[in-house]
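Take a first walk through this protein chain with the model open beside the text. Begin at the surface, then work inward.

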Amino acid sequence: MQPLLENLHRFRPESFGVARDLLQHAPLHEPPAALLVTCADAGLLAELLTQTNPEGFCLASGLGTFVPPAGAFADGNDDSLAATLDYAVRVLHVRDIVVCGHSRCCATATILRGSLPGAPRDYLSRWLQRTAPLRDLILAHYMHLTDPAQRQRAAEQETVLVSLEHLFTYPCVRERLDRGALHLHGWFFDTPTGELFVYNPAAGRFELLMTFADGRCG
């Protein structure tokens with residue numbers, strides 16, 4: 001699975017910051033120095049990741065940790081996440097954006113199914129339509145994973161990478177990346193083990209950064 005991740009996503013290594021420094025050693029700032037985007041169904045995740053430096057992060061949550069491309073908000077609806085991103089970059093001048101997914105994500109399972117149970121739901125249906133390209137990517141490249149748990153994990157990690165690619169579509173983000181004033185981070189939290197992984201664009205894989213269960217650094 002890891003070589004495939006490398007082939008699918010070509011990031012500029014200089015766009016990525018040093019994750020360990022951000023999490024453990026970044027000084028306190030007012031306003032926050034980083035924006036942390038997590039999943040709406042994983043509130044504990046944000047609490048764990050910010051416990052060492054709560055004032056250093058501006059928090060945002062999106063269903064499934066999915067960041068839509070900038071053009072998805074042309075209709076002016078459902079743009080809370082985009083507004084938070086714009087505010088963090090243009091007003092707070094954050095120096096880092098972290099997109100952190102997690103294991104056992106119910107929203108990701110919904111993306112893989114591609115449908116919602118019961119009656120139509122306007123907002124959820126619109127979100128599911130926006131995530132359709134992600135589901136198509138999983139179906140195109142990960143059907144060899146016959147274990148549902150492995151395919152789910154692949155989808156959870158792909159959501160992080162696709163969201164990072166979508167960040168490049170926002171002019172405010174791209175402009176500051178080009179100036180070297182902003183860095184991106186792709187993280188993945190394994191809920192059962194308490195392990196935090198960071199995406200290494202040079203290696204094309206997620207690598208262990210920290211184990212919250214005992215405070216060890218990877």
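**From the surface to the core**

R179 counts as exposed, at 53% relative accessibility. The model you are looking at is predicted. Which residue does the side chain of R179 meet in a salt bridge? The partner is E175, with N and O 2.5 Å apart. E175 is partly exposed, at 39% relative accessibility.

This pair belongs to a set of five salt bridges in the structure. Another of them joins D86 and R90. Here too the closest N and O atoms lie 2.5 Å apart. Both residues sit in helix α4, which spans residues 80–90. They are four residues apart, about one turn of the helix. Such spacing has a simple consequence. An α-helix has 3.6 residues a turn, so residues three or four places apart point the same way. D86 is partly exposed, with a relative accessible area of 32%. R90 is partly exposed as well, at 48%.

A further salt bridge links E207 to R205. Its closest N and O atoms are 3.3 Å apart. E207 has a relative accessible area of 25% and R205 has 37%. Both therefore count as partly exposed, a class that lies between 20% and 50%.

Now step back to the whole chain. It has 218 residues, and 48% of them count as buried. Nine helices and seven strands make up its list of elements. Take the contacts with a separation of 6 or more: 69% of them join residues 24 or more positions apart. The accessible surface is about 10300 Å², and carbon and sulfur atoms account for 54% of that area.

Next, go inside. In soluble globular proteins, nonpolar side chains tend to be buried together. The largest nonpolar core here has 29 residues. Those that touch the most other members are L35, L85, V94, I97, L167 and V173. Many elements give two or more residues to this core, including strands β1 (34–39) and β3 (96–102) and helices α8 (148–167) and α9 (171–178). Which element gives the largest share? Helix α4 does, with five residues. Follow L85 to see the packing. Leaving aside residues up to four places away in sequence, L85 touches L35, I97, L167, Y170 and V173.

There is also a second, separate core, of 15 residues. Among its members are C105, I111, L137 and L145.

L137 leads on to helix α7, residues 132–141. The buried residues of this helix are L134, L137 and I138. They cover an arc of only 95° around the axis, so they fall on the same side of α7. On the other side, P133 and A140 are exposed. One helix thus shows a buried side and an exposed side.

Last, look at the cysteines. How many disulfides does a search of the whole structure find? It finds zero. A disulfide is a covalent bond between the sulfur atoms of two cysteines. C106 shows why no such bond is counted there: the closest cysteine sulfur, in C105, is 6.8 Å away, too far for a bond. The cut-off is 2.5 Å. Is C106 buried or exposed? At 56% relative accessibility, C106 counts as exposed. C100 is buried, at 0%.

Technical notes. Residues are numbered from 1 along each chain as its sequence is written. This is a predicted model: local features need pLDDT of at least 70, side-chain atom pairs count only at pLDDT 80 or more; totals for chains, interfaces and linings use all residues. Side-chain values use heavy atoms; hydrogens and water are left out. Buried means under 20% relative accessible area, exposed over 50%, partly exposed in between (1.4 Å probe, protein chains only). The arc is that of the directions from the helix axis to the C-beta atoms. A salt bridge is a side-chain nitrogen of Lys or Arg within 4 Å of a carboxyl oxygen of Asp or Glu. A nonpolar core is a set of buried Ala, Val, Leu, Ile, Met, Phe, Trp, Tyr and Cys residues joined through side-chain atoms within 4.5 Å. Contact means heavy atoms within 4.5 Å. Accessible areas come from the Shrake-Rupley method with a 1.4 Å probe; for residues, only the protein chains shown count as cover.
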